[in-house]
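Good morning, and thank you for making time for this presentation. Please take a moment to look at the sequence and the structure before I begin.

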Amino acid sequence: MTTTPTEPAARRPPVVPLVAGPPAGRLTAAQGTALYIGAVLGTGVIALPALAAEAAGPASLLAWLALVTLSAPLAATFAALGARHPDAGGVSTYARLAFGDRAAAVVGWCFFFAVPAGAPAAALFGGAYVEAAVGGGTTTVVITGAGLILAVTGANAVGLRLTGRLQLVLAGLLVTLVLGATLLALPEADTGNLQPFAPHGWAAVGTAATLLVWSFAGWEAITHLAGEFRRPARDLPRATTVAVLLIGLIYLAVAYAVVTVLGPAAADTEAPLGELMAHALGGDGRLLAAGPALLLCFGTMNAYFASAAKLGAALGRDGALPPWLARGSVAGEVPRRSLTLIAGGSAIALAVVVALDLGPKPLVLLTTGCFVTVYAVGVAAALRLLPRRSPGWAAALVSLIAVLALFLMSGRYLLWPLLLAGAALLYLRFRRSHHA
């Protein structure tokens, strides 16, 4: 790490080497694939096919296709970085190596503090499905959301080994339920529902794509767990490849089914997955969808809590957050202090949203702004860190163009990451002046 005039080397926090002998992790490639599926597939499949259809009609399928296509080079970029630098800091570590401590702190804060905003949104999505199935109004939604936060916190507090195994089981159930119900509903597809293809104009495809960024956030999340893999250089690329193929297939199948099976009604339903399951299996679609919806939300939150907890410990280790968070940054350790901070922040955010009756949409957009910022810096770092003309470097070059376009489309929702960036830089200045 480069020494700056404002902080002598002797007073800088010690940094754990990125590679110090054989990895101590226990995650397998299969468990890594499951964590990817939980992080990326997640809650997007619950509500966003309908929201995208409302924004752009059948042309929303082009937005889905574009983002699935973008996922391949983006996932390959972060897999290459994770395999080369398996550190709990993830994108923050890559930013530090490429651009210095300030960039690392900014990226780290953007990811770490995005999770307490995004987790309540995911929890509310699950709570809404349960409320639609059993009733109870806002009380059911809030109790379900709070229960999800507690359950995910407990699973991660036990340890990453259990988290990986649990995620593997969840991913298998989710893929079976979601893809199975979709394929069973497809015989009822009517291609006539594809007309008119772009009822709101072609510009609406961009609007749909902005909404769908939430569905594809997650490729960077597993980099924080790269050191937890048994063999990061081998297992991380394998997990990434399988996850990209499975997630792309599921998203495209669900989006196509929502548009062609539900037709114009797709834009009006709040539970598109439930409607598809009702078409496929009969019965009350809302009741049938409640279980899978909860599993999807749990899987997403589980993957992000695990990743962000590791990141918080790494930021504490590197001086970008208070040092008392550093415990758990080493592979194999459980970062319980960092996890407690994330859980507490998530609970506070949930309480605020419920008290102000804001709903999950503002949280989704604020979280998306943070992740687009993380993507932009992470991909730029990859261009500096990965060997030129290597497959990972080429993937980063392709990804950078697409991520910059998403960055521009995020508009005012970049205010939250901008505020976090300012707070991170102020914290670094305060810490350095305090130790001067």
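I shall go from the overall picture to aromatic pairs, cysteines, a salt bridge, the surface and some individual residues.

Please keep in mind throughout that this is a predicted model. The chain has 436 residues, and buried residues make up 58% of them. In terms of secondary structure, there are 16 helices and zero strands. How much of the contact in this chain comes from residues 24 or more positions apart? Among the contacts with a separation of 6 or more, such residues account for 83%. The accessible surface of the chain is about 17100 Å², and carbon and sulfur atoms hold 67% of that surface.

Let me turn to the aromatic rings. How many aromatic pairs does the structure hold? The count is nine. Consider W64 and Y251: their ring centres are 5.0 Å apart and their planes stand at 40 degrees, so this pair is classed as tilted. A stacked pair would need planes under 30 degrees apart, and an edge-to-face pair would need over 60. Where do the two partners sit? W64 belongs to helix 3, residues 60–84, while Y251 belongs to helix 10, residues 232–262, so the pair ties together parts that are 187 residues apart in sequence. Both W64 and Y251 are buried.

Another example is F78 with Y375. Here the ring centres of F78 and Y375 are 5.7 Å apart, with the planes at 40 degrees, so this pair is tilted as well. F78 lies in helix 3 and Y375 in helix 14, residues 361–385. The pair therefore links distant parts of the chain, 297 residues apart. F78 is buried, as is Y375. Elsewhere, ring pairs join W109, F112, F113 and Y427 into a cluster.

My next topic is the cysteines. A disulfide is a covalent bond between the sulfur atoms of two cysteines. How many disulfides does a search of the whole structure find? The result is zero. C110 shows the reasoning: the closest cysteine sulfur to its own is that of C370, at 5.1 Å, which is too far for a bond. The cut-off to compare with is 2.5 Å between the sulfur atoms. Seen from the other side, C370 is in no disulfide, and its nearest cysteine sulfur is that of C110. Are these two residues buried or exposed? C110 has a relative accessibility of 1%, so it counts as buried. C370 has a relative accessible area of 0%, so C370 is buried too.

I come now to charged residues. Side chains of opposite charge can pair when their charged atoms come close. In this structure the count comes to one salt bridge. It is formed by R317 with D318, whose closest N and O atoms are 2.8 Å apart. R317 has a relative accessible area of 7%, so it is buried. D318 has 17% relative accessibility and so counts as buried; the limit for that word is 20%.

The surface offers a contrast in subject. Which residues make a nonpolar surface patch of about 380 Å²? They are I348, V352, L356 and L358. I348 lies in helix 13, residues 336–356. With 57% relative accessibility, I348 counts as exposed.

I shall finish with three individual residues and their contacts, leaving aside neighbours within four places in sequence. T240 is found in helix 10, and its relative accessible area of 4% makes it buried. T240 is in contact with Y36, A75, A76 and A79.

A293 lies in helix 12, residues 285–318. At 0% relative accessibility, A293 counts as buried. Its contacts are with I46 and Y129. The C-alpha atoms of A293 and L174 are separated by 9.1 Å, although these residues are 119 residues apart along the chain.

T373 is found in helix 14. With a relative accessible area of 14%, T373 is buried. What does T373 touch? Its contacts are C110, F407, L414 and P417. C110 is thus a residue we have already met, as the cysteine whose sulfur is 5.1 Å from that of C370.

To summarise, the chain has 16 helices and zero strands, and the structure holds nine aromatic pairs, zero disulfides and one salt bridge. Thank you for your attention.

Conventions. Residues numbered from 1 in each chain as written. Predicted model: local features only at pLDDT ≥ 70, side-chain atom pairs only at ≥ 80, totals over all residues. Heavy atoms only, no water. Phe/Tyr/Trp six-rings, centres within 6.5 Å; stacked < 30°, edge-to-face > 60°. Helix = DSSP H or I, 4+ residues; strand = E, 2+ residues; numbered from the N terminus. Buried < 20%, exposed > 50% of the residue type's maximum accessible area, 1.4 Å probe, protein only. Salt bridge = Lys/Arg side-chain N within 4 Å of Asp/Glu carboxyl O. Contact = heavy atoms within 4.5 Å. Areas by Shrake-Rupley, 256 points an atom, 1.4 Å probe, with all protein chains shown as cover. Patch = residues over 30% accessible without salt bridge, like charges linked within 9 Å, V, L, I, M, F, W, Y side chains within 5 Å.
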